[in-house]
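This report introduces a structure to a reader who has not met it before. Please look over the sequence and the model shown next; the description then begins with one residue and proceeds to the chains.

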There are 2 protein chains.
Amino acid sequence: MRILILGAAAGGGFPQWNANNANCREVRAGNRNFPAQTQSSIAVTIDGRNWCLCNASPDLRQQIGANPQLQPDSAGPVRATPIRSVVLTNADVDHVAGLLHLRESQAFQLYATRRVLETLASNSVFNVLNPQYVTRQPIALETPFEPLPGVRITAFAVPGKVALYLEDSTQKNFGTETDDTIGLEICDTEGGGRFFYIPGCAEMNPPLGLRLRNAPLVLFDGTLYTDDEMIVSGEGVKSGARMGHMSMSGPRGSVAAFAGLGVRRRMFIHLNNTNPALNVEGAERAALHKAGWEVAMDGMEIVL
Amino acid sequence: MRILILGAAAGGGFPQWNANNANCREVRAGNRNFPAQTQSSIAVTIDGRNWCLCNASPDLRQQIGANPQLQPDSAGPVRATPIRSVVLTNADVDHVAGLLHLRESQAFQLYATRRVLETLASNSVFNVLNPQYVTRQPIALETPFEPLPGVRITAFAVPGKVALYLEDSTQKNFGTETDDTIGLEICDTEGGGRFFYIPGCAEMNPPLGLRLRNAPLVLFDGTLYTDDEMIVSGEGVKSGARMGHMSMSGPRGSVAAFAGLGVRRRMFIHLNNTNPALNVEGAERAALHKAGWEVAMDGMEIVL
């Protein structure tokens, strides 16, 4: 099984259109230690010719342009794609807006929880995905499905929150019991490789720790380095916890939370543009490496 | 007044994600006669520091990345944008999806007809544009408004159709009387420059011809070169007329329709990936030049 990092950044990408923080200024100034990253998505393949996307970022058209593996075969029919399926982990704009790029009557399978499918159904703009071609398949938690021959995925609830645009002051917007935010366990049924993809996670609770124990690879929520990062930089009033993301550092951070889990390969993905670990030569990136973590970058391929 | 071409291609862009026609193959092969183009949008400025976008394409984040004029001032505040306003000409995905890039509590004014605003309002995903920051202003036809100091825009109905995803078998989907598709007359109130922006138009009728007569510049619907282009290429069953776009060539095409209008500068924009005029060295591009037409390209700037 091969994993292609389509986008390593969180919502907004790196740089973010309206952000003028130190990180974003360095990218725009062309500092090679701050390589631009598109928004959160990965692609998975067994044979290199058929791909399953996990999440569809707003940058998907650009990501397809940057990765020839996802482009139509030049010896093939006049309309074609190697993208066979898309699996969504929540209804966040940075995970669903890319569906709007996948129009033009092209067949593929779309997998998401019922709540996420309901959100798509209630937004007519997603009707650009012609139902004659695009089948919307509800995912049930803890029930394996095969979005690609030889790839078996099991979705599970992770502590998280509903998408910002769906927040409702009359309702509970956080919950570990709902299927608003899910993680995916992705297995190669022939080769035996497997990994976890968890781009958003508010908390490492005991059931999640148990599930991840001794996993060969986890791609994990790397939104913020410190919980108050956006408040300190003057860019927002929300902590990581308020946004449904645990931070990399600190006593309740993900580096600490993974310390005893025995996960062989740990990689952060979904980095917010304020995260100092985006600096490939920075102290924070070095500290992560020292703690046994890698940081995903656009275009990276992982063979399992 | 300066006009920046953000995207010269029609919906899907050039190349289109799932298209393997001769044009798209040439772009992907790196043939320099077939430069890639992003999706339909322009930006207008008077002072070079404040910009109004006409349409928000799905590629808007990439377009901002490619055009430093639209990026935050590195000497300015930590969150900022030179984009002051966005004007929509219809609810097509290639004209509205880019609004999803413009989130993160940034203030700007959004102008569209009531019908287009209703479509946005009925799609909760556009709530990422926080109403505390983004004001949605209804445009009335034939009633000038100023989306930027010194820029006066007048919207007018053009023959067109509703967005594909809003088509309804029980309703009339074409019409010259509705405000589903509009054209814009854009005037520099100080400098006196003016031009028309009409990225979608199904037919040149007498009122439109009268309006455009002797205009200094028209940016016009260049979707298809010939009406049956997509049918011939095997990529679709729809003619240009069915899609609400008049073609460049032919007795009822736009080159012929503009012949007697005395428009000083004529430029095609919104080119579909099948259009042979995308080949900058091709016979069709040469024929357009001979007929007095230019073809817009990403990054082009026009000073009026």
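## A residue in helix α9

Glu284(B) is found in helix α9 of chain B, which spans residues 283-290; helices (H or I, at least four residues) and strands (E, at least two) are DSSP runs, numbered from the N terminus. The model is a predicted one, in which local features need pLDDT of at least 70 and side-chain atom pairs count only at pLDDT 80 or more, while totals for chains, interfaces and linings use all residues; side-chain values use heavy atoms, with hydrogens and water left out. Residues are numbered from 1 along each chain as its sequence is written, and chains are lettered from A and ligands numbered from 1 in the order in which they are written.

With a relative accessible area of 25%, Glu284(B) is partly exposed. Here buried means under 20% relative accessible area, exposed over 50%, and partly exposed in between (1.4 Å probe, protein chains only). Leaving aside residues up to four places away in sequence, Glu284(B) touches Tyr225(B), Pro276(B) and Ala277(B), where contact means heavy atoms within 4.5 Å. Met248(B) is 36 residues from Glu284(B) in sequence, and their C-alpha atoms are 9.7 Å apart.

## Chain A as a whole

Chain A contains 9 helices and 16 strands. Its radius of gyration is 18 Å, close to the 19 Å that the globule rule gives for 304 residues, so chain A is as compact as a globular protein of that length. That radius is taken over C-alpha atoms, and the rule is 2.2 Å times the number of residues to the power 0.38. Along the principal axes, the C-alpha atoms of chain A fill a box of roughly 50 × 45 × 45 Å.

Of the 304 residues of chain A, 59% count as buried. Among contacts in chain A with a separation of 6 or more, 69% come from residues 24 or more positions apart.

A buried example is Thr89(A), at 2% relative accessibility. Thr89(A) sits in the loop between β4 (83-87) and α3 (93-96) of chain A. Beyond residues up to four places away in sequence, its contacts include Asn55(A), His95(A), Asp180(A) and Tyr197(A).

## Relation of the two chains

Chain A is superposed on chain B by a rotation of 180 degrees with 0.0 Å of shift along its axis (RMSD 0.0 Å). This is the relation of a two-fold axis. In chain A, the C-alpha nearest the axis belongs to Asn123(A), 2.3 Å from it. Copies are superposed by least squares on the C-alpha atoms of residues with pLDDT of at least 70 in both. Because 100% of the interface residues of chain A are also interface residues in chain B, the copies meet through the same surface.

## Backbone features

The peptide bond from Phe14(A) to Pro15(A) is cis, with omega near 0 degrees, and Pro15(A) lies in the loop between β1 (2-7) and α1 (22-28) of chain A. In chain B, a cis peptide bond joins Phe14(B) and Pro15(B), with omega about 5 degrees.

Two residues that are not glycines have a positive phi, as tabulated below.

| Residue | Phi | Loop | Relative accessible area |
|---|---|---|---|
| Glu142(A) | about 65 degrees | between β6 (134-139) and β7 (145-148) of chain A | 45%, partly exposed |
| Asn214(B) | about 65 degrees | between α5 (206-212) and β13 (217-221) of chain B | 49%, partly exposed |
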